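Below is a brief report on one protein chain. It takes up the N-terminal end, the overall fold and the aromatic contacts in turn.

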Amino acid sequence: MRSTTLLALLALVLLYLVSGALVFQALEQPHEQQAQRELGEVREKFLRAHPCVSDQDLGLFIKEVADALGGGADPDTNSTSNSNHSAWDLGSAFFFSGTIITTIGYGNAALRTDAGRLFCIFYALVGIPLFGILLAGVGDRLGSSLRRGIGHIEAIFLKWHVPPELVRVLSAVLFLLIGCLLFVLTPTFVFCYVEGWSKLEAIYFVVVTLTTVGFGDYVAGASPNQNNAAYQPLVWFWILLGLAYFASVLTTIGNWLRVVSRRTRAEMGGLTAQAASWTGTVTARVTQRVGPTAPPPMEKERPFLPPPPCPAQPAGGPQSPALPAKAEPPSPPSPPTPPTASALDYPSENLAFIDESSDTQSERGCALPRAPRGRRRPPNPPRKPVRPRGPGRPREKGVPV
């Protein structure tokens, strides 16, 4: 990637971040200030109702409650009502391990011991690459299965004589719709029914989870009322399939972009070659139409040399008869005669010659030499007489032995 492109992309991302920060600040800051005012009012009301409690003691109590909530405690749970509930039972611990290797990290449950934090470091270093390999394999299989099913639908469309370009568009739309139906819409309604969330809260959780953002404000199975131990492991398997689907979608988009880029480069190369051929063809035709009155500049730069003289006769030998006319040095050939008819001589004639190469023109009798950008090659110089190989002098024509 070029430096200018990289800087432009960095500027675009920074602009996107600043715009998002302004929008979130405008939306969330008033709500935060309102919640803070309500908390202050509740605190003053509690202190007026309980004058024996000091302000400092109440502040320490609120801080301890906040720490307990951050550690996974639930204020609705106490030792008498629901003593069997734990945020670290086998199902919840399995789900927490899954959020580590998937890099989601909801944050609703956090490690509080030094031993747990140390184990989490090595567990993540090994588990994240392992899950990446699994995700690639599952995404490949899932994408192949979906494409195989869509291939049958494409065959049906082709039997109905639908244009292939439209079939490709329809197959891509079907691939996206089927994936969204299986991994976005269906889980949304399931979470609405099981968790008691609204549709907006459920789809918010689905999108935040499958994009691995994982804020932790909504977590499936985190409610104390959820007693099914297999619920959160099932949610993790849905996360695996959903991430694999999105990975296959991103892979498909990347492959499509590479194909489009390759085709674009090939088309641009073809257009460049066609433009160069057109320029050379037009220049050669204009040069031929000028005629011999304007000699080409290359003839002045590279004058023709006469052929080497004939080898001298041995002393005392018989005089050789007059050589035939072919032995005389040939005179420099005259420039080629321009064609009798040219496509440029008639303004209303078809301009199909623009797309033809000089080879096609030469087959039709209009020999057009290829030259770089407005220059014309000089005629071929005369060939030197061929001398036989081997020892001894060459024997000239008409010289008696």
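Leu-10 sits in helix H1, which spans residues 3-49. The model is predicted. Is Leu-10 buried, partly exposed or exposed? Its relative accessible area is 47%, so Leu-10 is partly exposed. The cut-offs behind that label are under 20% for buried and over 50% for exposed.

Leu-10 also belongs to a nonpolar surface patch of about 940 Å². The other members are Met-1, Leu-6, Leu-7, Leu-9, Leu-12, Val-13, Leu-14 and Leu-17. Patch members must have over 30% relative accessible area, and Leu-10 has 47%.

A record covers this stretch too. The UniProt entry, which is unreviewed, annotates residues 1-20 as "signal peptide". In the model, residues 1-20 are 90% helix and 0% strand. The C-alpha atoms at the two ends of residues 1-20 are 26 Å apart.

**The chain as a whole**

The secondary structure amounts to 9 helices and 0 strands. Along the sequence this reads α-α-α-α-α-α-α-α-α. The chain has 401 residues, and 20% of them count as buried. The exposed area of the chain is about 29700 Å². Carbon and sulfur atoms supply 64% of that area. What share of contacts joins residues at least 24 apart, among those between residues at least 6 apart in sequence? The share is 66%.

**Aromatic pairs**

Two numbers describe a pair of aromatic rings: the distance of the centres and the angle of the planes. The chain has 18 aromatic pairs. One of them joins Phe-191 and Phe-205. Their ring centres are 5.1 Å apart, and the planes meet at 85°. That angle makes the pair edge-to-face, because the cut-off for this class is over 60 degrees.

The pair links distant parts of the chain, with Phe-191 and Phe-205 14 residues apart. Each partner lies in its own helix, as the table shows.

| Residue | Helix | Relative accessible area |
|---|---|---|
| Phe-191 | H5 (residues 164-195) | 4% |
| Phe-205 | H6 (residues 199-210) | 2% |

Why does Phe-191 count as buried? Its relative accessibility is 4%, and buried means under 20%, so the label applies. Phe-205 is buried as well, with a relative accessible area of 2%.

Phe-191 and Phe-205 are also part of a cluster linked by ring pairs. The other members of the cluster are Phe-95, Tyr-106, Trp-197, Tyr-204, Tyr-218 and Trp-238.

Definitions and conventions. Residues are numbered from 1 along each chain as its sequence is written. This is a predicted model: local features need pLDDT of at least 70, side-chain atom pairs count only at pLDDT 80 or more; totals for chains, interfaces and linings use all residues. Side-chain values use heavy atoms; hydrogens and water are left out. Patches are made of residues with over 30% relative accessible area and no salt bridge: like charges are joined within 9 Å, nonpolar side chains (Val, Leu, Ile, Met, Phe, Trp, Tyr) within 5 Å. Accessible areas come from the Shrake-Rupley method with a 1.4 Å probe; for residues, only the protein chains shown count as cover. A salt bridge is a side-chain nitrogen of Lys or Arg within 4 Å of a carboxyl oxygen of Asp or Glu. Buried means under 20% relative accessible area, exposed over 50%, partly exposed in between (1.4 Å probe, protein chains only). Contact means heavy atoms within 4.5 Å. UniProt positions are given in the numbering used here, feature names are shortened, and annotations may be inferred rather than shown by experiment. Rings of Phe, Tyr and Trp (its six-membered ring) pair if their centres lie within 6.5 Å; planes under 30 degrees apart count as stacked, over 60 as edge-to-face and the rest as tilted.
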